[in-house]
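Got your viewer open? Load the model, switch to cartoon view, and follow along stop by stop.

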Amino acid sequence: MRLYLLPALLVSVLALSSCGSGQSSSSINEGESTSPSPEADIAVLMMGNSHTAANGLPALLETLLRNNQPTQSIVVERIPASGFLIDHADSSSTLNNVASGKWTHAVLQGQKYSQSFQIEYPITGALTLIEAAQNAKALPIMFPEWAQINAPQETDYIHNIHENIALQTGACVAPIGYAWEHALTINPEITLHANDGNHAVLAGSFLTALVIYETITGHAAELTVPDTSFDISESQQMFLGQMASYAVANHPACEYSN
């Protein structure tokens, strides 16, 4: 949801969507949709733009869930197309997928916002998707993005946009930006942002997955078992888990739920 172009090195990885908060350069292809999930105890549908796609975030979340909820059957899938929430809400294939009744949770990322704080973008796409999820008995979880590097003032601004949506709808809001903010405050040397100062490196996506994990399960991210298959040290995984749990404790994700 940012306006500037990505560096060339990131284009091949992140070209699924521009992340500007202005005009969308992507639209949802009606032919692109995940297959309905098989019945599962925890079935998560994710949608958004490159912030959801980068570093295999859905796979990170699925691994966290499988490792730490071993008695539950788990499915995590992502709508293949990238776009803002307004784009996803305009896609009949996406709406049909949400309405399939196969999902327990729908994670929604891609609400437009203004980097200048001067433009108020419509929230109609988010409202449509939240209503569709609730009608299908899935818990909608808003995914507010982290602040860009060296722009900490964005954390409250972005979170508050999503909080306003939640207050109107009863959706949850995963406090991702606050987890990033706290991690960078406690350990300024940690690298969470990619070179563009906007997207996440693997550690940033892992922290994001931890916050969503705790939002979904109610189980403390700081107690998750480190996974040696991740290219993140066990000590850093434990630190990021603590940062995720701190954020959820101070900004309860589902306090808006009906």
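What volume does the largest cavity have? About 30 Å³. Keep in mind that you are looking at a predicted model. The search covered the whole structure and turned up 1 cavity of 30 Å³ or more.

**Stop one: the cavity lining**

Select P144, E145, T155, I158, H159, G177 and Y178, and show them as sticks: these residues line the largest cavity. Now colour helices α7 (154-169) and α8 (176-186), the elements that each give two or more residues to that lining. Which of the elements gives the most? That's α7, with 3 residues. If you recolour the lining by class, you get 3 nonpolar, 3 polar and 1 charged residues.

**Stop two: the sheet**

Hide the sticks and pick out the strands. You should find an open sheet of 5 strands, and reading across gives β2-β1-β3-β4-β5, with parallel pairing. As a reminder, strands of a sheet pair through backbone hydrogen bonds, either parallel or antiparallel. Which strands sit at the edges? Look for β2 (74-78) and β5 (172-173), each of which pairs on one side only.

Next, zoom in on β3, residues 105-108, and β4, residues 139-142. This parallel pair runs over 4 bridges. For a landmark, click A106: standing opposite, in β4, is P140.

**Stop three: helices on the sheet**

Bring the helices back, beginning with α3 (residues 57-68). Helix α3 packs on the sheet and touches β1 (42-47) and β2, and its direction makes about 170° with that of β2. Then select α9, residues 202-217, which also packs on the sheet. Which strands does α9 touch? Its contacts are with β1, β3, β4 and β5, and the direction of α9 makes about 135° with that of β1.

**Stop four: the disulfide**

How many disulfides does a search of the whole structure find? The count is 1. Show C172 and C254 as sticks and check the distance between their sulfur atoms, which is 2.0 Å. Look along the S-S bond, too: the angle about it is 110°, and the link of C172 and C254 is right-handed.

Finally, zoom out and trace where the two cysteines belong. C172 lies in strand β5, while C254 is in the segment after α10 (234-250), so the disulfide ties together parts that are 82 residues apart in sequence. Recall that β5 is also one of the edge strands from stop two.

How values were computed: Residues numbered from 1 in each chain as written. Predicted model: local features only at pLDDT ≥ 70, side-chain atom pairs only at ≥ 80, totals over all residues. Heavy atoms only, no water. 1 Å grid on protein atoms, 1.4 Å probe; cavity = no way out; pocket = protein on both sides within 12 Å on 5 of 7 lines; lining within 4 Å. Points joined across faces, edges and corners; volume = space filled by probe spheres on them. Nonpolar A, V, L, I, M, F, W, Y, C, P; charged D, E, K, R; others polar. Pairing = 2+ DSSP bridges. Contact = heavy atoms within 4.5 Å. Axes fitted to C-alpha atoms, helices over the stretch in contact; angles between N-to-C directions. Disulfide = S-S within 2.5 Å.
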